[in-house]
Amino acid sequence: MSYNRGSIDERTSLLSRNVTSRFDLKQLLLRRIPILAWLPQYSLSKLLHDVLAGLTVGLTAIPQGIAYAIVAGLPAQYGLYSSFMGCLVYLVFGSCKDITVGPTAIMALLSQNHVIRLGDDIAVLLCFLTGCVITFMGLFRLGFLVQFVSMPVISGFTNAAAIIIGTSQLGTLLGLSGRSDSFIDAVTKVVNHVNEITFWDPILGVCSMILLVCLKKLPAKKSGTALQKFMWVTSLARNAVVVIVGIILSYSLYSYGIKPFKITGHITEGLPPFSPPPFSLVKGNHTYNFEELIGELGSTVISVPLIAILESIAIAKAFAKGKTVDANQEMLALGLCNLFGSFSRSMPTTGSFTRTAVNNASGVKTPMGGVITGCLVLLACGLLTSTFQFIPKATLAAVIIVAMYYMLELHIFTVLWRTKKTDLIPLTVTLLSCLAIGPEYGMIAGIAVNLILLLYFAARPGLLIEERVVDGLTILFVSPKQSLSYPAAEYLRERVMSWCDARVGTIPVVVEGRHVLRIDATVAKNLALLLADLETRDQKLVFWNWCEEAKRTLISYDASLTMSFRSSGSIAQIFSGRLASPHVPRE
């Protein structure tokens, strides 16, 4: 009987493990492939909402894609190549219904210098490497690393990127030829060639900017009258409206042989070739192998994925509306978007705030809206490239400049001034460094300054040191305002001894540990040395109101410190005997 009972127990246990294993596998699949969770509940009503949202986003994605390809120094068709694959891949792996993955101004800016030096293929390789890094970080749950980049650094980088991209289009807006490599180069170029500014390009550009701002401010409502609904759609698709107006104007004039504007020119027709990303390239008389290309890219291999993650996850959280965002899943989805995108000649991509906002405002219900956007972009690649060649460059410059204006976060200076003024230091360093030496190095400089400040405040914790009179007895009261780590150990000891040296006579010293949750061996050593220093001066030292963990670390380092601890009673009770004897019962 016992044997049979044991066999039954074993079979029951095995069955339970199998059921649990199947359950865990199902949950893992639903978490890692979110389409499996929402597709079974998909309905015709949701499809109609997604189609409307997808078409609206597509009308924004096409002109933006072309514009950002130009910012990156790439042919215009690369903007279209970069705008569809991310939408299709995110359908399967994305967990946020609003996110639209594609080219962005910041990704274009970070790719620009390498494209100018090494050509179009380097942008495709950078897209592949970005996908590899982000996917790796998502699989190994390394999303916490982005938490080391603070809000002031991000804001400084974003403001600098907006200024750099905006000024890079200033020459195009004024009808000047060529492209700039940096913020300083863009300003210098305009100043040195001011006599070459054309007449009609600036007029068209300024009018396009005014029209964009006016369309953005239309009194439109999604659920209002037919006119209000029309104005709502027009406002959302304002970039497409302005570009279409520019195309019609330039095409009409060119048909009569009048060529007042510089136009985009020939755009390669057809779908992008589906092929592996280039792992070597030829530039001039030199062939770069894969290792040399990695060396040429340098820190960009890390900075581009980092910025892409920050941008995409920040957008996901902004539109989550109280729902939890799985940062690691979003990283996995974004990484795969770039990996697959590199096989269709894409530049690095990430979540776009503008297109995501349009998607959300259009009432999208699921990531299926991205499929509609992707199909519209593919349709444009196949059928509309001959039309796109008539887009005036000044119109595209106006689209970019207006977008960058709304990307500026100038209010952050006021916010930081009111909250914590020291945060203005990494913000300013990041902003100025990005403008002076480039966005990648500016980001590194900002992070470095932030870490230095973090270490400085760890080494110089807030200390309350004051004389108090308790029951007629004067004491020196010392209260750290945060936990103590090894950089602060010597500082605490020096401050107390300096105070004692500056005062005539000897008074007892009380070190309160209410805010000290943990200490390390270096702190314990310096507190023991402080006790010894005070004993040579015939001064008493009492550790009052310390938590058990910190107390245990101190006593483990030096058991004689036990006699200096007091319970968390009042200071008056501790000194009721005027410290006649330090020998009190151990706690």
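Select phenylalanine 136 to begin, a residue of helix α6 in what is a predicted model. Its relative accessibility is 45%, so phenylalanine 136 counts as partly exposed. If you add proline 277 to the selection, you have two residues that lie 141 residues apart along the chain, and the distance between their C-alpha atoms is 18 Å.

Next, move along the chain to phenylalanine 144, which is in the loop between α6 (121-139) and α7 (151-168). Phenylalanine 144 is partly exposed as well, with a relative accessible area of 43%. Extend the selection to Leu145, Phe148, Leu451 and Leu454 and show the surface: together with Phe144, these residues make a nonpolar patch of about 490 Å².

Now go back towards the N terminus and select residues 44-71, which form helix α3. The 28 residues of α3 reach 39 Å from the first C-alpha to the last, close to the 40 Å expected at 1.5 Å a residue. Just after this helix, select glycine 73, where phi is positive at about 85°.

For a look at a buried loop position, select threonine 264, which is placed in the loop between α12 (238-255) and β2 (281-283). Threonine 264 has a relative accessibility of 16% and therefore counts as buried, the cut-off being under 20%. To see what surrounds threonine 264, display Ala76, Phe388, Gln389, Ile391, Lys393 and Leu396, which are the residues that it touches when those up to four places away in sequence are not counted.

Another loop, the one between α15 (327-341) and β4 (350-351), holds arginine 345. Here the backbone deserves a check, since phi of arginine 345 is near 60°, a positive value in a residue other than glycine. Arginine 345 is buried, with a relative accessible area of 15%.

The rest of the tour concerns the sheet. Which strands should be selected to show the open sheet, and in what order do they lie? There are five, in the order β5-β6-β7-β8-β9, and their pairing is mixed. The edge strands are β5 and β9 (565-566), each of which pairs on one side only.

Start at the β5 edge by selecting residues 463-470, which run antiparallel to β6 and are joined to it by eight bridges. Two cross-strand pairs can be picked out here: leucine 464 stands opposite serine 479 in β6, and isoleucine 465 stands opposite valine 478 in β6. The hairpin of β5 and β6 has two residues between the strands, and at aspartate 471 in this hairpin phi is positive, near 50°.

Stay with β6 itself, residues 473-480, and colour the strand by accessibility: seven of its eight residues are buried, so β6 is largely enclosed by the rest of the structure. From β6, continue to strand β7 (residues 509-512), where the two pair in the parallel sense over three bridges. Valine 478 is again a useful anchor, since it stands opposite valine 511 in β7.

The next step across the sheet is from β7 to strand β8 (residues 541-544), a parallel pairing with four bridges. Select valine 510 with valine 542 to see one pair of opposing residues, and then glutamate 512 with tryptophan 544 to see another.

How are the side chains of a strand arranged about the sheet? In a regular strand they alternate between the two faces of the sheet. For β8, show Leu541 and Phe543 on one side and Val542 and Trp544 on the other; all four are buried, and both faces of the strand are covered.

Finish in the loop between β8 and α25 (548-557) by selecting asparagine 545. Asparagine 545 has a positive phi of about 65° although it is not a glycine. With a relative accessibility of 24%, asparagine 545 counts as partly exposed.

Definitions and conventions:
Residues numbered from 1 in each chain as written. Predicted model: local features only at pLDDT ≥ 70, side-chain atom pairs only at ≥ 80, totals over all residues. Heavy atoms only, no water. Buried < 20%, exposed > 50% of the residue type's maximum accessible area, 1.4 Å probe, protein only. Pairing = 2+ DSSP bridges. Expected span 1.5 Å × (residues − 1). Patch = residues over 30% accessible without salt bridge, like charges linked within 9 Å, V, L, I, M, F, W, Y side chains within 5 Å. Areas by Shrake-Rupley, 256 points an atom, 1.4 Å probe, with all protein chains shown as cover. Salt bridge = Lys/Arg side-chain N within 4 Å of Asp/Glu carboxyl O. Contact = heavy atoms within 4.5 Å.
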